[in-house]
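Good morning, and thank you for making time on the agenda. I would ask you to keep the structure in view while I speak.

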Amino acid sequence: MDAGKAIFETVDRLRRRRTAPLVLELDLTEGLAEGPPTDPVAALLSMRKPRLPDVLSGLRRARDDSRVKALIVKIGGNPLGLAMVQELRQAVTRFRASGKLTVAFGETFGEFSGGTVPYYLASAFERVYLQPSGDVGLTGVAMEQRFVKGALAKLGVDFEMGQRHEYKTAANTFTQDHMTEPHRESMGRIVESVVDQLVAGIADGRRLDPAKVRELIDRGPFIGAEAVDAGLVDRLAYRDEVYDEVKRSAGGDTHLLFVSRYARAAAVRKLPHPTADGIALIHGSGQIRSGRSGRSPLGGGGAMGSDTVSAALRAARRDEHVKAVVFRVDSPGGSYVASDTVWREVVLTRRVKPVIVSMGELAASGGYFVSMGADVIVSQPGTLTGSIGVFGGKPVLSELLERIGINSELVAEGANAAMFSTSRAFSPEQWERVNAWLDRIYDDFVGKVAESRDLTRERAHELARGRVWTGADAQERGLVDELGGLEDALALARERAHLSDDAPVRTYPRLNPLERLRGPESSEDKAAALARVRIDAWGPLARLSAELGLPAAGPLALPGWYTIR
């Protein structure tokens, strides 16, 4: 009898849960993953992180789900980038417009630290609650650049760098001891553009005058009670008080459910036919390099490998059930040659089916290079993009080596055989080759920008010169087509491909376990788009190890000077 009663109660509880009002929950304490894990290490590191696409699709579905009554988001101390925050704000605003309650809760928006961007996210919600011990670090935006030229000179290190052109300031930290005027101008405009976006968003969300928001920024940070008085926060409350209030407003036997779980359950209920026409979503994240995407087990983040992304684009191009491609780019750039390889595949794919680029936090330099060939570029206002330029050179360590008692000798055949050695400076003839290389890359980059964006070469050069733009400024200047997020890019892809609004989106390529195990048959096989773990790398110490002359293959390898290349 007891066993039967327990079974009955369990079944009844599950039945009531299926019909109970839902309050969706999102915990951003550990941040948010941009896309699917590219390898086993990435999967392990992101196990407990919700994925941005799941959150966006879940909130989109929930707008029309009568069971869903409210959304609670805990905004934690792990900072999210501005562009990702704008993706979330957009999704929350649309969810809120459907008439459902939205609540942001923070233990603090900056504990004796800045919290402008986390608070900017919170301001999109109908109600903002703050733990009584918390603060609101609404302090504005600051970009700080440190210059180490003087310190390097004391060590006996000199950097020889060439750049195209004056706004390409990535190497300035090594070659300058202060901001150049172009450097200051570029950074100043980025800060100004970002603050304009933050002020507009906070003013709209909290129903405040923009001038009042600017005044509050200058007065911040705020103790909790001050934030309530200023209209930045609705109430001071602990988590249990916030959740109890939301559950009461939802009514009935309310059930809490994480947004990502809700999204996956909804997706399973509406599984499309395996051969249904749809959209391929291809992610390109991290530094751009030749070879396959992946990350080191020692950390240091992932990389966008040209072989991996190109194989994914080729597979999507050949798949008759893929009617359009959304290429999600989140990259600060990297290798010119690898970027050009991906650009070519984007152009070839565009000849067959629509290609829409959705920019994440960064799509700059090589990140813009791989994007510019698409039919449409969609960017968040806060995305950092452009940086159409190039720099190159090397550190010269001869004086440092001499100071610490290291003698470097060279045996070479060929006038420029040791051109890239860090133990000697470039000769005048070698500088001619460096400048020819920089000019060639810059001319190719600007020419492709002009062709892809339907600009004159003169106008493309004016917008280039290495300058970084916010997405909002880039859109005004024709480098970006539309402002929006991933959901906007997917909607645009469906429209261009003449698909229904609920046409499936598949992260591409999707491989079954057997395909993953057997490996690719050729570079044309979709299994060639698998990433890998770089077991043979130095991870975050890669740059330092290269400068010290350590073997690129890792600590358990023959020294690289035995290799003739």
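I begin with a single residue. At 54% relative accessibility, H273 counts as exposed, because the cut-off for that class is over 50%. H273 sits in the loop that runs between helix 12 (259-269) and strand 10 (278-285). Its C-alpha atom is separated by 9.2 Å from that of P504, although the two positions lie 231 residues apart along the chain. Please bear in mind that what we are looking at is a predicted model.

Let me now turn to the chain as a whole. It holds 22 helices and 22 strands. Of its 565 residues, 49% are buried. The accessible surface comes to about 27,800 Å², and carbon and sulfur atoms account for 53% of that area. If we consider contacts between residues at least 6 apart in sequence, 75% of them join residues at least 24 apart.

Next, the sheet. How many strands does the open sheet have, and in what order do they stand? The sheet has 6 strands in the order 8-4-3-2-1-9, and their pairing is parallel. Strand 8 (235-236) and strand 9 (255-258) each have a single partner strand, so they form the edges, and one side of each is left without a neighbour in the sheet. Helix 11 (residues 239-250) packs on this sheet and touches strand 1, strand 2, strand 3 (101-106), strand 4 (127-130), strand 8 and strand 9. The direction of helix 11 makes about 175 degrees with that of strand 3.

As a general reminder, the strands of a sheet pair through backbone hydrogen bonds, in either a parallel or an antiparallel manner. Within this sheet, strand 1 (residues 22-27) and strand 2 (residues 68-74) run parallel and are joined by 6 bridges. One residue to locate here is V23, whose bridge partner in strand 2 is A70.

I come now to the charged side chains. The count of salt bridges is 30, and I shall discuss a few of them.

The side chains of E399 and R403 meet in a salt bridge with an N to O distance of 2.6 Å. These two residues are 4 apart in helix 16 (residues 398-403), which means that about one helical turn separates them. E399 is partly exposed, at 40% relative accessibility, and R403 is likewise partly exposed, at 47%.

A second pair lies in helix 9 (residues 210-219), where R219 and E215 are also 4 residues apart, about one turn of the helix. They form a salt bridge in which the closest N and O atoms are 3.7 Å apart. R219 has a relative accessibility of 46% and counts as partly exposed; E215, at 39%, falls in the partly exposed class too.

Are the partners in the next pair, E345 and R317, buried or exposed? E345 is buried, with a relative accessible area of 10%. R317 counts as buried as well, at 17% relative accessibility, because the cut-off is under 20%. Their salt bridge brings the closest N and O atoms to 3.0 Å apart. This pair links distant parts of the chain: E345 belongs to helix 14 (residues 336-350) and R317 to helix 13 (residues 306-318), with the two residues 28 apart.

Finally, salt bridges also link R189, E192, D473, E476 and R477 in a network. With that, I conclude, and I thank you for your attention.

How values were computed: Residues are numbered from 1 along each chain as its sequence is written. This is a predicted model: local features need pLDDT of at least 70, side-chain atom pairs count only at pLDDT 80 or more; totals for chains, interfaces and linings use all residues. Side-chain values use heavy atoms; hydrogens and water are left out. Two strands pair if DSSP finds at least two bridges between them. Contact means heavy atoms within 4.5 Å. Axes are lines fitted to C-alpha atoms, for helices over the stretch in contact, and angles run from 0 to 180 degrees between N-to-C directions. Buried means under 20% relative accessible area, exposed over 50%, partly exposed in between (1.4 Å probe, protein chains only). Accessible areas come from the Shrake-Rupley method with a 1.4 Å probe; for residues, only the protein chains shown count as cover. A salt bridge is a side-chain nitrogen of Lys or Arg within 4 Å of a carboxyl oxygen of Asp or Glu.
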